[in-house]
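Here are my notes for your reading of this structure, set out as numbered points. Please keep the sequence and the 3D view open beside them as you go.

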Amino acid sequence: MFGQWKLQYFDPGQGKAAGAQLAEYDHSAWIDVDVPGDVHQALMAAGVIEDPFYDRNEETCAWMEDKEWWIRTRFTGPQDTTAQDERRQLIFHGLDTYATIWLNGEELGRHRNMFRPAVFDVTTTLRPGEENVLALRFDRPLDQIAEFDISHWWQGTAPRVAMRKAQFGYGWDWGPRLPTVGIWREVEIRHNRRAALAGVHFYTVEIDADHAQAVVAVRVEAERIARAAELGAHVRLADGGATAVEGELALRDHGSYADGILYLTVKEPKLWWTHDLGEPHLYALHVDLLAGGEVVERQTVEAGIRTIELDQSPDPDEPGTRFFRFVLNGVPIFAKGADWIPAHSFVGGLKPARYELLLTMARDANMNMLRIWGGGIYEHDAFYTICDRLGMLVWQDFMFACAMYPESPQWFVDEVRAEAEYQVRRLRGHPCMALWCGNNENQWLHERARWQQKDPIAPGALYYDQILPEAVARLDGRVPYWPGSPYGGNDYNSEADGDSHNWNVWHGNSPRQFGEEPTVDHSPQGVTYRRYAEDQSRFVSEFGMHAAPVFETLQRNIPADQLFHHSPSMDHHNKDNPKNKGDNLMLAITGLPETLAEYIDFSMAAQAEGLKFGIEHYRRRKPHCSGALFWQLNDCWPVLSWSVIDYYGFGKAGYYYARRVFAPVLASFKELPDGEVALWVTNDTLAAVHDRLDLRLLTFDGQPLWHAQIDAAIPANSSLEVWRGRLEGGLDRFLSVRGESIPRNRHFFADVKDLALPEASVSVEYEQVDAHRLEARLLSEQFAYFVHLSTGLETTAFSDNYFDLEPGVAHTITVSDAHTDLRPEQITVRQYLH
């Protein structure tokens, strides 16, 4: 409907002085901009700025923060005139952030929250069948916060906390300072006649063996359009076109709106499960809004029949502790997954295809939950729709992170309330939704910084303790609420209660209780991943380590003369401080690299081995530990970070390691203090597993040293030790386990840097399946560590990668690329550099 959107910038105050708000203003020479979109991307496309991600170009974009930005468009208004019982609304679903809007030179209003829509009644303002002009001014955010008394707050965080705007845009320890500006979500002119559907909420009350009880709640805007007494709704729940159940819904008049609920009994329901436990079945819910018996609006949404609960009952096996586990359809689950940050620094440009790629990779890595971190955005609709379809649970933080937040002036509090109400209404009906969480780390970091005070209350508690839980209880009522992450116990980061963030590894923290001084140890021993073995947490919602991305990602973003570890450009793409944290981790695990290739291998191996070690530990502790969400799944730009999937979609070694250790059934080894080794099998499926396990102690050259077979029976949804013994370890050997149905795993008796790994010779045989797919069969007569394949293209998918080859045991993987023809000569095969 809208014409080409145009963009221009001015010094503050100069745009209006030039008449940019007026309908007759000529904007034809302005820059083209996409809507939804972002100012940075428009300027790049026009050649005004260089790619901010390349080298240190981020710094050359700082001037953009000092300008006001204008976006305009011309469009022809709807041809038909508006009757007395009709309404037209101009809806901006996302404005980033401080915007003033004009239509045909008349100011419609102002908006100052990125996280909720700006809605204007334009019934009498639109010119039907004629040219209309929209103009928006985006003011400089830092000019809008003078009334906030926050100058004494944590250095670096103060300005962002006074804005309801994506916090990560002002820089993070994995992200650049590139605060966004623009129309970042869709714009529409909505036409309603007589009444308008303002909300449809489908939820499940209970599930029995042969039926489910569900509710459809409908809210209708009726003020100035129609009397509620004339209104009704017809509801139909369909499965593949066939009607499962339907009914008529009566509405109650509340003056400015009407609402009503309808109870549905669904016989022999098909439940929504996470993909690892069953099918994420979705029904189609059709709602027809009726006015005087006539259909005036129709909505169709996807609906899943499922219940979700958060079990925090006392753990009878570990006195003094409580469970923190999600219960899906009555079944306690172990949450396997990662933390999600915005998939691009410029969130207005995110497309469904990018979500599809990343979320499918998460599903293929056996993840069943993602946590949307509180310093980013409430994601675009496509994110949640794809999670619904993939069977992926979502832990949703509200957008507060790592800071104190002001509880005045009143307009700011009101904005937070309106934002929460909008987002709860928007997202509550998605079956993927598992938890609403108040913030990321705010209570924990505030108490750590003020540990000498008694019961320090974090500024922002008004939101986490009152406004947010009230909105969730009133508008959702089915998905549980949690005040923060981490939260619970005698220390907000307690291992005995609630969820925890394990930053003992990497950041060098240590467990503590309220009133105890925090300690930090950045030494190799203080940051090593072996400290995960000390962790007795109930649910670990953050843990992780840095790793470099693949060489192709570095080559695209680092100048050729800067392609070395700790070059100025490389360190610019590492936002964590001090810059040598990764060196201390590698010192303990791999040793320090001397070349860029070694840095990539060593950092990836340290991250991958650390994730393997930590996830295996947490999964063995099931049900006392009921979740492992590592930091982090993805990146927003090309960076050295905690991610396992880099900005372009290349999987790091950590991605493939996580895919293997998140397998539904996992065999893993545990070193015991007395020198023995125990073998555990963790079964996350809903069926018992019976398997004959083959244990072998071998040298890296393939010489057998010991062998045993074990018949293992593991009950459904449990973790069990199935063997322990004392073996003669060494630097030249490894312990292996494999079963008929349980995937292979191995155990080293020392850190990678100390192993006597051989120079293995790997042979590869290829079979061309079709133009876009081939099978690669790899074999080595010696142990080959960290074998990885590459085409240099992010579109290429591997069924496995960064794997070990045991002596004489072939491994076949599938290589596919839907975007290009594949040939064996395009594939390189490498091993770990040592």
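1. Of the 834 residues in this predicted model, 62% count as buried. With that number of residues, a compact globule would have a radius of gyration near 28 Å, and the protein has 28 Å, which agrees. The C-alpha atoms fill a box of roughly 90 × 65 × 65 Å when the box is taken along the principal axes.

2. The protein has 14 helices and 46 strands. If you look at contacts between residues with a separation of 6 or more, 72% of them come from residues that are 24 or more positions apart.

3. One sheet to find in the viewer is an open one made of three strands, in the order E22-E23-E24, with antiparallel pairing. Strand E22 (308–311) and strand E24 (331–332) stand at its edges, and each has a single partner strand, so one side of each is left without a neighbour in the sheet. Strand E23, which covers residues 325–328, is joined to E24 by two bridges, and Leu-328 has Val-331 in E24 as its bridge partner.

4. The loop between E23 and E24 holds Asn-329, a residue worth checking for its backbone angle. Its phi is near 55 degrees, which is a positive value in a residue other than glycine. Asn-329 has 14% relative accessibility, and therefore counts as buried, the cut-off being under 20%.

5. A second open sheet has four strands in the order E40-E41-E45-E43, again with antiparallel pairing. The edges are taken by strand E40 (762–770) and strand E43 (797–798), each with a single partner strand, so that one side of each lacks a neighbour in the sheet. Six bridges join strand E41 (residues 773–780) to strand E45 (residues 811–816), and Arg-777 is paired in this way with Thr-812 of E45.

6. The loop between strand E27 (393–397) and helix H6 (410–427) deserves a careful look, as it contains Pro-409, and the peptide bond that joins Ser-408 to Pro-409 is cis, with omega about 0 degrees. Cys-402 lies in the loop between E27 and H6 as well, and has a positive phi of about 50 degrees although it is not a glycine. At 14% relative accessibility, Cys-402 counts as buried.

7. Another cis peptide bond runs from Lys-622 to Pro-623, with omega near 5 degrees. Pro-623 is found in the loop between helix H13 (596–620) and strand E32 (627–630).

8. Which residue is the nearest side chain of opposite charge to Asp-38, which is buried yet has no salt bridge? The residue is Lys-165, and it is 7.4 Å away, whereas a salt bridge would need the nitrogen and oxygen atoms to be within 4 Å. Asp-38 lies in the loop between strand E2 (31–32) and helix H2 (39–45), and its side chain reaches the backbone nitrogen of His-40 at 2.7 Å. Leaving aside residues up to four places away in sequence, Asp-38 touches Val-33, Thr-180, Val-181 and Phe-346.

9. A search of the whole structure finds 56 salt bridges, and one of them is formed by Glu-415 and Arg-116, with their closest N and O atoms 2.8 Å apart. Glu-415 lies in helix H6 and Arg-116 in the loop between strand E7 (106–111) and strand E8 (118–121), so the pair ties together parts that are 299 residues apart in sequence. Glu-415 is buried, with a relative accessible area of 9%, while Arg-116 is partly exposed, with 22%.

10. Strand E21 (residues 294–303) contributes to two further salt bridges that you can inspect. Glu-294 and Arg-193 meet at 2.7 Å, N to O; Glu-294 belongs to E21 and Arg-193 to strand E13 (residues 187–193), so this pair ties together parts that are 101 residues apart in sequence. Glu-294 is partly exposed at 35% relative accessibility, and Arg-193 is partly exposed at 27%. Asp-288 and Arg-298 form a salt bridge in which the closest N and O atoms are 2.6 Å apart; Asp-288 lies in strand E20 (residues 283–291) and Arg-298 in E21, so the parts tied together are 10 residues apart in sequence. Asp-288 counts as buried at 13% relative accessibility, whereas Arg-298 counts as exposed at 56%.

11. Finally, please look at the network of salt bridges that links Asp-315, Glu-318, Arg-538 and Arg-621.

Note on methods. Residues numbered from 1 in each chain as written. Predicted model: local features only at pLDDT ≥ 70, side-chain atom pairs only at ≥ 80, totals over all residues. Heavy atoms only, no water. Buried < 20%, exposed > 50% of the residue type's maximum accessible area, 1.4 Å probe, protein only. Lys, Arg positive; Asp, Glu negative; His and termini not counted. Polar contact = N/O pair within 3.5 Å; in protein donor to acceptor, adjacent residues only side chain to side chain. Contact = heavy atoms within 4.5 Å. Pairing = 2+ DSSP bridges. Rg over C-alpha atoms; globule rule 2.2 N^0.38 Å.
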